[in-house]
Every structure is written in C-alpha cells, then in structure tokens.
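Student: I should like to request a close look at a single part of a structure, followed by one connected account of what surrounds it. Please keep to what can be computed from the atoms.

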Amino acid sequence: MTQKYTNLTSQGSLITLLMLVTAVCLSGAAAYYSIAGLVAIFAAAAIPVIVMGSTLEVAKLVIASWIYRNWNDTPRALRFYFCSAIAVLMLLTSMGIFGFLSKAHVDQNLVSGDVVARLSLIDEHIKTERENIDANRKIVNQLDLQVNETIGRSTDESGAARSAALRRSQAKDRSQAQAQILSAQEKINRLQSERSPIAAAVREVEAEVGPVKYIAQLIYGQEAGSDTLEKAVRIVILMIVFVFDPLAVLMF
C-alpha cells in the first residue's frame, strides 16, 4: 500500500513538473510574440515597450499563481483587482500576439504582391515587344504583296524588272523592319531570362499561401477568393490567440 502511494505521488510530481515546464515554455513563447507584436505597434519606443512588456508578463504569471494559492485569505476587493488585472494583461498579450501574426501575414502579402507586380511588368514588356514583331512582320508582308502584285499585273519580261526595281526601292524599309524584329526578339530573350527566377519566386509564394487557401476553401467552399482568404487567416490567428496565453496562465 505504501509502495503504491509512493508511486502515485511520484507520478503526480512528475506530471506537475511537466506542466510547470510546459507552462513556462508556453508563457515564454507567448511573451515573445506578444512583445514583438507590441513593438510593431509602438515601433517608436521599442526598448521601453520590451521592458514594460517583459515586466508585465512576469507580473501576470506571479499574480495568477499567488491569487490561486491565497484565494481564501485575500480581501474581496484585492481579488477583484488582481483578477481584472490578469484578464487585462491576458488581453494585452493576446493583442500583441495578434499584431505579430497579422504583421507576418501582411509582410508576406507585400513580398508576394511585389513579386507578382514585377512579373506582370515583365509580361507586359514581352507583350509589347511581340506586338512590335507582329507589326513589323505585317510591314514586310505588305512590301512582299506589292512586289507580287507588280509581277502579277505584268505580262511581259519587263514585269520582273519592275518588281526587282520595286524591291530595291523597298530595301530601306525592309532593313528597318527586319532590324526592329531582331531587336524585339533579343529583348524578349533577355526579358524571358529575367522572368524565370521571378516566376519561380511566385510559385514559391503560392506554395506558401497554399495551406491558407485550403483552409479558406474548407470554411467558405471552393469559390473562396482573396477576401475570404483574409478572413480565413484572421480566424486562424484568433484561434491561436484564444489558446495561447490563456492556456499558459491556467496551467500556472
């Protein structure tokens, strides 16, 4: 019987120690993300915010542990203030975590938006150069058509001479059109070389956003768009905030 009680006590102590270590790790992570989020909100006073946030995080956990152990001996007014302070500090921590995660999501959108904009700009340049090629090819075709019509209207050997003379007179226009076609093709090749790494970066960003898109589709269906994507991100962030700091405090 004594051995069984000792085993149970040992297991209880191990679980208590495990909960303490887990609570410390969880509260430490919550404090880090919360302070980082508050610094992002009050970027002009980063050091004071870090000091203030760290002190408040420690005070919150100490008060939560103390009030739990001394609930019956604590005056009602003091209990009310301590509980209110803990609730407010938990709210502040949650706000900081929400700000940190929101900033991370916004930064990711800024990067992806910049990459997509660069890719769109290059595609627009490529489209313009292809249109230049098509326009100059039409010019060459029109010049060829004039020569062919001259030959077609002729019934004697002088037609070949006239067509040859016409082709010689077109030499400058043909040369300019061919030069512009060649220049446009070179520009397209250069733009394609610039486009390849940017397109790879876009695919990488889309792969990173993929899980969020699946979550949005799970919540809002297959027709989820950019607005529902942002809503899905906010829901995920709120779920994380809901279980982060409150869980740490309750474990203490």
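Is aspartate 123 buried, partly exposed or exposed, and what is its relative accessibility?

Tutor: The model is a predicted one, and every value below is computed from it. Aspartate 123 counts as partly exposed, because its relative accessibility is 28%, and a residue is called buried only under 20% and exposed only over 50%. The side chain of aspartate 123 meets that of arginine 195 in a salt bridge, with 2.5 Å from N to O. Aspartate 123 lies in helix H3 and arginine 195 in helix H5, which spans residues 171-220, so this pair ties together parts that are 72 residues apart in sequence. Arginine 195 is partly exposed as well, since its relative accessible area is 25%.

In general terms, side chains of opposite charge can pair when their charged atoms come close. The structure holds two salt bridges. Besides the pair just described, the side chains of lysine 60 and glutamate 57 meet in a salt bridge, at 2.9 Å from N to O. Lysine 60 and glutamate 57 are three residues apart in helix H2, and therefore about one helical turn separates them. Their exposure can be given in the same terms. Lysine 60 counts as buried because its relative accessibility is 0%, and glutamate 57 is buried with a relative accessible area of 10%.

Helix H3, where aspartate 123 lies, covers residues 76-153 and carries further residues that merit attention. Asparagine 136 is found in helix H3 and is buried, with a relative accessible area of 5%. If the neighbours within four places in sequence are left aside, asparagine 136 is in contact with Ala177, Gln180 and Ile181. Lysine 138 also has its place in helix H3, but this residue is exposed, at a relative accessible area of 54%. From C-alpha to C-alpha, lysine 138 and alanine 177 are 9.3 Å apart in space, while 39 residues separate them in sequence. Alanine 177 thus appears both among the contacts of asparagine 136 and as the partner in this C-alpha distance.

Another C-alpha distance concerns helix H4. Arginine 162 has its place in helix H4, residues 158-169, and counts as partly exposed at 43% relative accessibility. The C-alpha atoms of arginine 162 and valine 147 are separated by 8.6 Å, and the two residues are 15 residues apart along the chain.

The loop between helix H2, residues 46-69, and helix H3 contains threonine 74. Threonine 74 counts as buried because its relative accessibility is 4%. Apart from neighbours within four places in sequence, its contacts are Trp66, Ile67 and Arg79. Arginine 79, one of those contacts, places its charged end over the ring of tryptophan 71, 4.8 Å from the ring centre.

The aromatic side chains give a further link to helix H3. A pair of aromatic rings is described by the distance of the centres and the angle of the planes. The structure holds six aromatic pairs. One of them joins tyrosine 32 and tyrosine 33 in an edge-to-face arrangement, with 5.4 Å centre to centre and 70° between the planes. Tyrosine 32 counts as exposed at 54% relative accessibility, whereas tyrosine 33 counts as partly exposed at 30%. Tyrosine 33 also pairs with phenylalanine 100, and here the geometry is tilted: the centres are 5.0 Å apart and the planes make an angle of 40°. This pair links distant parts of the chain, with tyrosine 33 in helix H1, residues 2-41, and phenylalanine 100 in helix H3, the two being 67 residues apart. Phenylalanine 100 counts as partly exposed because its relative accessibility is 25%. Tyr32, Tyr33, Phe100 and Phe244 form one aromatic cluster.

The cysteines complete the account. The count of disulfides comes to zero, where a disulfide would require a pair of cysteine sulfur atoms within 2.5 Å. Cysteine 25 counts as exposed at 52% relative accessibility, and cysteine 83 counts as partly exposed at 33%.

To return to the part in question, aspartate 123 is partly exposed and shares its salt bridge with arginine 195, a pairing between helix H3 and helix H5.

Note on methods. Residues numbered from 1 in each chain as written. Predicted model: local features only at pLDDT ≥ 70, side-chain atom pairs only at ≥ 80, totals over all residues. Heavy atoms only, no water. Buried < 20%, exposed > 50% of the residue type's maximum accessible area, 1.4 Å probe, protein only. Phe/Tyr/Trp six-rings, centres within 6.5 Å; stacked < 30°, edge-to-face > 60°. Helix = DSSP H or I, 4+ residues; strand = E, 2+ residues; numbered from the N terminus. Lys NZ or Arg CZ within 6 Å of the ring centre and 35° of its normal. Contact = heavy atoms within 4.5 Å. Salt bridge = Lys/Arg side-chain N within 4 Å of Asp/Glu carboxyl O.
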